[in-house]
Amino acid sequence: MRRMPLTPHLRALVTGTPPHLTPQTQVQEAARTLFPRMAARPQLLDVFTNAMIDTRALARPLEWYLTPRGFGEKNAVFVQEARALTRRLAKEALAAAQITPANVDAVVVVNTSGISAPSLDADLIEHLGINRHAARLPVWGLGCAGGASGLARAADLVRAGYRRVLYVAVELCSLTLVHGDETKSNFVGTALFSDGGAAAVLTHPDEPGPAPLAELCGAYSTLIENSEDIMGWDVVDEGLKVRFSRDIPTLVRGMMQGNVQAALSAHGWSQDTVDTYVVHPGGVKVLSAYEDALNLPAGALDASRHVLRHYGNMSSVTVLFVLQETLRAHPQGRALLSAMGPGFSAEHVLLNFPG
């Protein structure tokens, strides 16, 4: 693989959620109304406790979800709330990076939990006063892997000559609840999924501004053969219905060690030179499988578990929350940011924390 000597700088990263913070215990009680047949089996309700989530943010108050909603109504809420959240976060990120909107050269927006045409990047350009000639890259359909992939694509744009890139990810996964659908996938999704957004600014290394939070040293993507059934959406009359079809933790244990080694060696790195792991917490079992596959020491994924406990699974956005949580500890040295998603795919981003 071609070496990439230019290392784009991450100059700002902000995260946020909709205002409706909801305890997991309340969501569990709501599940008794949403899924009466499954709730009659106490061992199934344990999935809410075993998820190790304390609170989650929702796009609407919890009561709103107890009434059946069609795809049109749910998607209208997605567009309204996603626009509001991305505008706020993008504005904060640009201010933190000391970049005026008119000087943004490219905009990358990642999401998978709703549909918007024009895409959300057009709304940001219109309402923030971003350069109307900025390159636009809306990315849809990568699910949990999207946060890592979007970060890699934003860095690629910097390497391609776009000196100041705004990157935004937003997911309102709670709106994909299919009322009355008592399949295991929908039930598990209700126990895990939540809403949030993140915005980042990446620049050319010699762009003036604050000290970089991280340097982006490369990326590595893998699409696993014959894996389309593992994860995704099925489009039904009620909207986007989650699909979980295989044992993802078992898959992680079987392939992640070799995949990570390939990602690192493609850029001249090895696992013994990596100091920090920034891993998307798809669930507690996925994190344990990742630790087993890479033989990580205790505490290596504490930031991932912290985000899962306090925010739930926000699909693409989650790994960016983990990155922000990791940065709070002022790490130094090399890091690997990883996420998996529909495809089925694995996405890795190689980072360096300058300290």
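So, salt bridges: this structure holds 21 of them. Keep in mind that what we're looking at is a predicted model. I'll go through a few of these pairs, then step back to the whole chain, and then visit some individual residues.

Let's start with Glu92. Its partner is Arg88, and the closest N and O atoms of the two are 3.8 Å apart. Where do these two sit? They're both in helix α4, which covers residues 71–97, and because they are four residues apart there, about one helical turn separates them. Glu92 is partly exposed, with a relative accessible area of 36%, and Arg88 is also in the partly exposed class, at 37%.

There's another pair within a helix, Asp156 with Arg159. Here the closest N and O atoms are 3.1 Å apart. Helix α6, residues 146–159, holds both of them, three residues apart, so again we're talking about one turn of the helix, roughly. Asp156 counts as partly exposed at 26% relative accessibility, and Arg159 counts as partly exposed at 21%.

Next up, Glu126 and Arg132. Their side chains meet in a salt bridge at 3.2 Å, N to O. Glu126 is partly exposed at 47% relative accessibility, whereas Arg132, at 58%, counts as exposed.

Some of the charged residues join up in a bigger arrangement. Asp105, Arg163, Arg164, Asp206 and Glu207 are linked in a network of salt bridges.

Now, what about the charges over the whole chain? There are 30 positive and 33 negative side chains, and the centres of those two sets lie 2 Å apart.

Okay, stepping back to the overall fold. The protein chain has eleven helices and 13 strands. The C-alpha atoms fill a box of roughly 60 × 45 × 35 Å along the principal axes. For 355 residues, you'd expect a compact globule to have a radius of gyration near 20 Å, and this chain has 19 Å, which agrees. Buried residues make up 58% of the 355. The accessible surface comes to about 14200 Å², and 52% of that belongs to carbon and sulfur atoms.

How much of the contact count comes from residues 24 or more positions apart? Taking contacts with a separation of 6 or more, those pairs account for 80%.

Let's zoom in on Glu215, in strand β8, residues 214–223. Is Glu215 buried or exposed? Glu215 is buried, yet it has no salt bridge. The nearest side chain of opposite charge is Arg334, and that's 8.8 Å away. As for what Glu215 does touch, leaving out residues up to four places away in sequence, the list is Thr7, Pro8, His9, Leu350, Leu351, Asn352 and Pro354.

On to helix α9, residues 284–294, where you'll find Ser288. Ser288 counts as partly exposed, at 26% relative accessibility. Which residues is Ser288 in contact with, leaving aside neighbours within four places in sequence? Those are Arg253 and Arg305. If you want a sense of distance, the C-alpha atoms of Ser288 and Asn352 are 24 Å apart, with those positions 64 residues apart along the chain.

The helix around Ser288 has plenty to look at too. In α9, the buried residues are Val286, Leu287, Ala289, Tyr290, Glu291, Ala293 and Leu294. What covers them? The cover includes the helices α8 (248–265) and α10 (302–311), along with the strands β11 (274–279), β12 (333–341) and β13 (345–353). And just after α9, Asn295 takes a positive phi of about 55°.

One of those covering strands brings me to my last stop. Ser338 is found in strand β12. Ser338 is buried, with a relative accessible area of 2%. Which residues does Ser338 touch, not counting those up to four places away in sequence? Val278, Val279, His280, Tyr290, Val319, Glu347 and His348. You may recognise Tyr290 there as one of the buried residues of α9. Also, Ser338 and Pro281 are 57 residues apart along the chain, and their C-alpha atoms are separated by 9.7 Å.

That's the tour. If you open the model, try starting from the pair Glu92 and Arg88 in helix α4, then look at Glu215, the buried residue without a salt bridge.

Conventions
Residues numbered from 1 in each chain as written. Predicted model: local features only at pLDDT ≥ 70, side-chain atom pairs only at ≥ 80, totals over all residues. Heavy atoms only, no water. Helix = DSSP H or I, 4+ residues; strand = E, 2+ residues; numbered from the N terminus. Rg over C-alpha atoms; globule rule 2.2 N^0.38 Å. Buried < 20%, exposed > 50% of the residue type's maximum accessible area, 1.4 Å probe, protein only. Contact = heavy atoms within 4.5 Å. Areas by Shrake-Rupley, 256 points an atom, 1.4 Å probe, with all protein chains shown as cover. Lys, Arg positive; Asp, Glu negative; His and termini not counted. Charge placed at Lys NZ, Arg CZ, Asp CG, Glu CD. Salt bridge = Lys/Arg side-chain N within 4 Å of Asp/Glu carboxyl O.
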